[in-house]
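Biologist: I would like to go through the labels given to this model and hear the reasoning behind each.

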Amino acid sequence: MAITNKLLLTDLASEAKYVPSNYVRPLSDRPNLSAVESSAAHSIPLIDLQDLHGPNHSQVIQQIGQACQVDGFFQVKNHGIAEEIVETMLRIAKEFFQMPEAERLKSYSDDPTKTTRLSTSFNVKTEKVSNWRDFLRLYCHPLEDYVHEWPSNPPSFREDVAKYCTSVRELVLRILGAISESLGLKRDSIEKALGKHGQHMALNYYPQCPEPELTYGLPGHTDPNLITVLLQDQVPGLQVLKNGKWVAVNPIPNTFIINIGDQMQVISNDRYKSVLHRAVVNSSMERLSVPTFYCPSPDAIVEPAKDLINEQNPAVYRSFTYADYYQKFWDRGLATECCLDLFKTDHKSM
Ligand code: OGA
Ligand code: NI
């Protein structure tokens, strides 16, 4: 395959008949798509949030707790975010990636510390194999600190995305309350452990791929943040590791996918699991996903909740700042072994 000087995959993929060699995974690390479980019965739980504030409150809390413990993932319906806000978010994301290369490149940066940036793969500075993905990463809380950095094209981008962020934040806070309760903690205890809070999002664009068995959109990883709210379009691609097997989480209209991130695993002192997941690509359709990564603020001290620690359940993790953790995450790349081990109380440093 010819060497290209394209910064973004979008501008290379449209012509590609083969997967260029820098995207090809070694034989031992390929998607093996025929082995993926795709029946809905094996997928992650679907929880109806309608009853979260009604008479069946305690059942919903129990379902959420169970899902966090067993799957690390669940889907929610009747989540309270208007369909129009969601549709607009997906449409504007698509329009962004359809803009001419020169317009998109105005947002380009390969520096992971930048708070608004378009890039490709995962971390082009450190990784050996590339991923079949372009992404626009946006910090979005507090909105007024970041919105002026966001792309000003398409013209309604800032307004539409800001609306989406605000709605998702409200949903996250409701879910954090429910998760706190499910752990037997006060409703606001997780919310209060996050300092000033942080919220980032990504617009992930996975172009069609001529040889989807050779590469990943994103290889198996856990999310480094607290909790993720994922919106995906109608094209399958997300897979979650369940009992040692990859399971497809196929899109269900009007739902979000929620997953536990590394910080929630720490706060719950390993009761709730940050689970491996990955995105695969396909040869017939492009795919869009929009994860919201909710997180502590960089200076927040993260540690197992005091009320979950006692003689029988000693703290599995030491205290650390989220900034420390996040730095390690970007430096290490999407290694299957997540960074959590480095922060365990019994971790032996070299
Ligand atoms: C992520 C992620 C999955 C997807 O961005 O961390 O897991 O389906 N995305 O795009
Ligand atoms: Ni992820």
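Modeller: A residue is near a molecule if one of its heavy atoms lies within 4 Å of it. In this predicted model, 13 residues surround ligand 1, the closest being Tyr206, His221, His277, Arg287 and Ser289.

Biologist: What makes the pair of tyrosine 206 and ligand 1 a polar contact?

Modeller: A polar side-chain atom of tyrosine 206 lies 2.6 Å from an oxygen atom of ligand 1. The cut-off for a pair of N or O atoms is 3.5 Å, so the pair counts as a polar contact. Histidine 277, with a polar side-chain atom 3.0 Å from an oxygen atom of ligand 1, and aspartate 223, at 3.2 Å, are also within that limit. Of the 290 Å² of accessible area that ligand 1 has on its own, the protein covers 95%.

Biologist: Where does ligand 1 sit?

Modeller: Ligand 1 is in the largest cavity. That wording requires more than half of its atoms to lie within 2 Å of the grid points of the cavity.

Biologist: Why are His221, Asp223 and His277 called donors of the nickel ion (ligand 2)?

Modeller: His221 and His277 each contribute NE2, and Asp223 contributes OD, lying 2.1 Å from the nickel ion. Donors are N, O and S atoms within 2.8 Å of such a metal, so these atoms qualify. The spacing of the donor residues in sequence is H-x1-D-x53-H. Histidine 221 and aspartate 223 are both buried.

Biologist: How do you know that there are zero disulfides in the whole structure?

Modeller: A disulfide needs two cysteine sulfur atoms within 2.5 Å, and a search of the whole structure finds zero. For cysteine 140, the closest cysteine sulfur is in cysteine 165, 3.7 Å away, and therefore too far for a bond.

Biologist: Why is cysteine 140 called buried?

Modeller: Its relative accessible area is 2%. Buried means under 20%, so cysteine 140 is buried. Cysteine 209, at 1% relative accessibility, counts as buried by that limit too.

Key
Residues are numbered from 1 along each chain as its sequence is written. Chains are lettered from A and ligands numbered from 1 in the order in which they are written. This is a predicted model: local features need pLDDT of at least 70, side-chain atom pairs count only at pLDDT 80 or more; totals for chains, interfaces and linings use all residues. Side-chain values use heavy atoms; hydrogens and water are left out. Buried means under 20% relative accessible area, exposed over 50%, partly exposed in between (1.4 Å probe, protein chains only). Donors are N, O and S atoms within 2.8 Å of the metal (3.2 Å for Na, K and Ca); water is not among the atoms, so sites may look incomplete. A polar contact is a pair of N or O atoms within 3.5 Å; within protein, one must be able to donate a hydrogen and the other to accept it, and residues adjacent in sequence count only if both atoms are side-chain atoms. Accessible areas come from the Shrake-Rupley method with a 1.4 Å probe; for residues, only the protein chains shown count as cover. On a 1 Å grid over the protein atoms alone, a cavity is a set of points where a 1.4 Å probe fits but cannot get out, and a pocket is an open set with protein on both sides within 12 Å along at least five of seven lines; lining residues have an atom within 4 Å of a point.
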